[in-house]
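Hi everyone, thanks for coming. I'd like to walk you through one structure today, so please have the picture up in front of you.

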There are 2 protein chains.
Amino acid sequence: MSEFFTVVTPPDAWNLLSQHFTPHVRTEQISTMDALDRVLAAPLVSPQDLPEFPRSTVDGYAVNAADTYGASSSLPAFLAVIGEVAMGRMSDLQLGVGEAALVHTGGMVPAGATGVVMVENTQAVDAASIEVLKAVADGENVIQIGEDIRIGDPILAAGHSLRPQDIGGLLALGITRVEVAVPPRVAIISSGDEVVAPDQPVAPGQVRDINSYTLAGLTKRAGGQPILYGIVPDQREALEAAAAKAHSEADIIVLSAGSSVSYRDLSVDVIAGLGAPGVLAHGLSVRPGKPTIVAVADDKPVFGLPGNPVSAMVIFDLVVTPTIRALLGATDRPKQQVQARLARNIASTAGREDYVQVRLEERDGDMWAVPVFGKSNLIYTLVHADGTVKIDLNANGVREGAWVTVFLH
Amino acid sequence: MSEFFTVVTPPDAWNLLSQHFTPHVRTEQISTMDALDRVLAAPLVSPQDLPEFPRSTVDGYAVNAADTYGASSSLPAFLAVIGEVAMGRMSDLQLGVGEAALVHTGGMVPAGATGVVMVENTQAVDAASIEVLKAVADGENVIQIGEDIRIGDPILAAGHSLRPQDIGGLLALGITRVEVAVPPRVAIISSGDEVVAPDQPVAPGQVRDINSYTLAGLTKRAGGQPILYGIVPDQREALEAAAAKAHSEADIIVLSAGSSVSYRDLSVDVIAGLGAPGVLAHGLSVRPGKPTIVAVADDKPVFGLPGNPVSAMVIFDLVVTPTIRALLGATDRPKQQVQARLARNIASTAGREDYVQVRLEERDGDMWAVPVFGKSNLIYTLVHADGTVKIDLNANGVREGAWVTVFLH
């Protein structure tokens with residue numbers, strides 16, 4: 001088999017792999033509270049409006065906005081207080097013209113009210129009446145029914161990795177269980193007559209196993225479950241037996257071992273014998289990492305990684321990580337910090353740091369950060385945002401088109 | 001206490017906190033294999049040279065480099081083959097002048113040899129002699145003793161978060177147990193008469209708890225251990241009892257609840273009563289997130305976060321995450337992608353992707369990516385690198401000073 005040495009580019013290797021391997025995502029139902037960083041297996045839609053009742057965003061008085069029009073401190077509007085809305089209770093108050101009800105932040109805005117005037121903009125006259133010193137608009141200081149998310153609205157797509165704010169957003173809707181992808185099992189086989197386990201003494205000529213544990217860590221980071229098959233001697237029968245066992249137990253098989261010509265010949269033979277179609281690429285046009293084997297055996301991807309740790313890590317990131325993500329059905333980009341152009345002016349005040357939630361959009365080849373507006377009370381402001389832009393303490397805002405750093409969630 | 005409302009900037013809040021709170025890092029010994037993403041509690045130095053013997057990086061013949069000087073295919077050097085170095089074995093071969101020994105990639109270079117000529121550059125004459133068709137330099141194709149890391153060299157500093165390649169690097173040296181920081185316990189107390197647990201039915205006027213679970217996820221991401229104290233009614237006695245229990249059991253206490261004036265007054269009172277010195281800042285100059293309480297009670301940080309989820313998340317990132325990192329003794333920057341200027345020319349060949357390991361250095365206000373050279377066989381090339389720069393398939397290299405994207409490990 002040693003004549004069979006077809007060097008391909010990484011994109012071509014990925015295309016060959018995709019042609020011969022169909023990722024089947026296995027799924028399980030788990031508690032939403034335990035689902036951090038897990039990948040959603042099915043899209044979710046909202047089972048309810050959030051909130052389900054109009055909520056006040058301030059401490060103040062629920063009013064008919066029309067009753068306050070033109071009100072000022074010199075010409076206040078006089079309203080009768082008909083009661084107080086208790087927190088966490090259904091309010092059966094019904095506001096008529098000229099009436100107001102005391103309401104707290106997060107409390108229900110009672111029927112008949114169209115806005116809430118902040119307590120700072122009122123003055124008590126007596127126990128049953130107030131003066132309103134500033135007009136409120138219709139809907140002012142009120143979160144409307146479904147303003148956070150509406151019943152039937154899509155929440156998150158299949159393939160999305162659940163972030164802390166996603167967990168909060170799902171639990172806010174009473175979604176206490178979610179269907180997520182099962183972590184793919186990644187078999188890691190180390191080989192080499194000179195390689196010993198890290199807890200064993202080394203004799204002259206021997207080295208301890210490095211790659212098994214580095215690759216196990218990279219597997220975990222990618223969302224897979226590493227299974228270590230230990231160190232196999234550089235003998236055909238031993239390597240064949242280990243590879244066959246791994247192929248029957250795991251979803252992805254990774255051989256990591258010596259990079260001598262004889263070992264490469266041996267491993268390409270063993271991989272070729274595991275199943276159809278066999279070796280797709282023997283050699284990648286990458287530095288470091290050229291001596292890489294990419295194969296598929298009976299719908300399971302098999303990789304022969306270069307023996308040296310730097311190449312092994314580069315190649316793992318390049319081909320094994322995307323394969324693990326494919327078996328998770330994951331679609332999201334990795335968590336990082338990116339530069340983007342701000343899609344509209346953001347005003348700010350010097351002496352205050354502003355954190356603006358943004359959605360990323362690609363337009364004409366540039367990445368744009370589109371501010372996601374929405375009250376801070378809304379969990380879906382976070383769920384719909386890709387990241388945060390910080391406006392510095394001493395800045396007076398940022399202009400549309402300026403480059404900003406987006407810290408991805 | 002409600003008159004006590006001192007708005008400070010986030011840096012000032014952090015300074016106040018630092019003045020009144022000394023992070024004591026608790027530590028534990030764990031298996032290195034289980035230490036991914038844990039924070040080192042003590043600096044590590046290498047207990048040995050790596051490698052402990054000179055290793056060949058190619059398949060070929062160990063030779064006296066001087067014996068090959070001037071060799072070419074038209075005028076080969078003739079050498080006597082005195083044996084083969086078995087993998088994983090001490091070689092007792094001793095090369096004399098005009099002698100060579102067969103050696104495999106990763107095998108020991110025997111005594112008397114100063115370089116290894118690749119098998120492609122040799123030609124067998126008979127079973128006991130070869131012709132060398134190309135000269136090798138002193139040290140060529142050899143990893144010297146201690147070239148990866150030397151005995152007594154610092155490996156990693158206290159405060160470093162262990163990455164996959166660090167795990168590999170430690171195990172390569174036989175360091176199978178490491179002392180790491182114990183995850184700080186972060187008590188999360190939710191409050192609000194309108195808040196119910198996510199698995200409970202909601203009546204009109206009630207909402208499900210969001211923040212407890214979002215904050216628990218952020219705590220895990222920061223390296224802390226969240227402890228949820230459930231939902232406490234907006235009553236002084238209940239909140240005092242929950243806060244006192246949390247203060248006795250956890251390292252950091254986070255109150256997350258309603259943002260009504262009455263609740264803020266109540267929580268600032270409860271926090272003030274927990275211990276000395278008490279409330280340090282009541283209000284941060286941040287949007288969103290102004291109504292934040294920063295306090296220290298008997299050397300434990302206590303935070304009153306704004307009730308709304310966006311503010312809570314921004315403020316958590318701003319003050320709670322750095323506090324968790326401080327209690328871990330963590331010093332490293334978060335994992336991200338950054339722009340940096342390349343510190344020297346990197347040559348590349350079109351038709352091949354290059355991945356260059358770089359160390360980041362700040363010089364004159366710019367971030368520079370300094371290539372970390374070293375053979376791909378060396379795990380410490382990765383351990384000493386901060387990230388990877390990719391040179392595209394069709395680029396002919398990148399010039400010194402050019403801006404590149406560094407993907408942090």
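Let me begin in chain B, with two helices. Helix α5(B) passes α6(B) in a right-handed crossing. Before I go on, please keep in mind that this is a predicted model. In chain B, α5 covers residues 236–249 and α6 covers residues 261–272, and they pack with their axes 10 Å apart at an angle of about 40 degrees. That angle makes α5(B) oblique to α6(B).

Which residues make the contact between α5(B) and α6(B)? From α5(B) we have B:Arg236, B:Leu239, B:Glu240 and B:Ala243, and from α6(B) we have B:Leu266, B:Ser267 and B:Val270. Sorted by class, the contact of α5(B) with α6(B) has four nonpolar residues, one polar and two charged.

Now stay with α6(B), and look at the sheet beside it. This is an open sheet of six strands in chain B, ordered β16-β13-β17-β21-β20-β18, with mixed pairing. The edges are β16 (225–232) and β18 of chain B; each has a single partner strand, so one side of each is left without a neighbour in the sheet. On average, and ignoring direction, neighbouring strands of this sheet are turned by 15 degrees against each other.

For a feel of the pairing, take β17 (residues 252–256) and β21 (residues 300–305) of chain B, which pair in the parallel sense over four bridges. If you want a spot to zoom in on, B:Ile253 stands opposite B:Val302 in β21(B).

Two helices pack on this sheet, and I'll take them in turn. Helix α1 (residues 10–20) of chain B touches β18, β20 (293–297) and β21 of chain B, and its direction makes about 170 degrees with that of β18(B). Our earlier helix, α6(B), packs on the sheet by touching β13 (185–191), β17, β18, β20 and β21 of chain B, and the direction of α6(B) makes about 145 degrees with that of β18(B).

One more thing about that edge strand: B:Pro277 is found in β18 (residues 277–282) of chain B. The peptide bond joining B:Ala276 and B:Pro277 is cis, with omega about -5 degrees. Over in chain A, a cis peptide bond joins A:Ala276 and A:Pro277, again with omega about -5 degrees.

That brings us to chain A, where I have another helix pair to show you. Helix α3 (residues 211–222) and helix α6 (residues 309–327) of chain A have axes that come within 10 Å and cross at roughly 30 degrees. So α3(A) and α6(A) are roughly parallel to each other, and their crossing is right-handed. On the α3(A) side you'll find A:Asn211, A:Thr214, A:Leu215, A:Leu218, A:Thr219 and A:Ala222, meeting A:Pro309, A:Ala312, A:Met313, A:Phe316, A:Thr321, A:Ile324 and A:Arg325 in α6(A). The residues of the contact of α3(A) with α6(A) are eight nonpolar, four polar and one charged.

Chain A also has an open sheet of six strands in the order β7-β4-β6-β5-β9-β8, and the pairing is mixed. Its edge strands are β7 (115–118) and β8 (122–126) of chain A, each pairing on one side only. The twist from one strand to the next averages 40 degrees. At one end of this sheet, β4 (residues 60–63) of chain A runs antiparallel to β7(A), with four bridges joining them. There, A:Val63 stands opposite A:Gly115 in β7(A).

A small backbone detail for those who like phi angles: A:Asp299 is a residue other than glycine with a positive phi, near 70 degrees. You'll find A:Asp299 in the loop between β20 (293–297) and β21 (300–305) of chain A.

Finally, how do the chains come together? Here 77 residues of chain B are in contact with 76 residues of chain A. On the side of chain B that touches chain A, α4(B) gives the most, with seven residues. That side of chain B has 31 nonpolar, 31 polar and 15 charged residues.

There is strand pairing across the chains too: β19 (residues 286–287) of chain A and β23(B) pair in the parallel sense over two bridges. In β23(B), B:Asp354 stands opposite A:Arg287.

What rotation superposes chain B on chain A? The rotation is 180 degrees, with 0.0 Å of shift along its axis, and the RMSD is 0.1 Å. The two copies are thus related as by a two-fold rotation axis. And 99% of the interface residues of chain B are also interface residues in chain A, so the copies meet through the same surface.

Definitions and conventions
Residues numbered from 1 in each chain as written. Chains lettered and ligands numbered in written order. Predicted model: local features only at pLDDT ≥ 70, side-chain atom pairs only at ≥ 80, totals over all residues. Axes fitted to C-alpha atoms, helices over the stretch in contact; angles between N-to-C directions. Parallel < 35°, antiparallel > 145°, perpendicular 65-115°, else oblique. Left-handed = near helix turned anticlockwise from the far one by under 90°. Contact = placed C-beta atoms within 7 Å. Nonpolar A, V, L, I, M, F, W, Y, C, P; charged D, E, K, R; others polar. Pairing = 2+ DSSP bridges. Least-squares fit on C-alpha atoms with pLDDT ≥ 70 in both.
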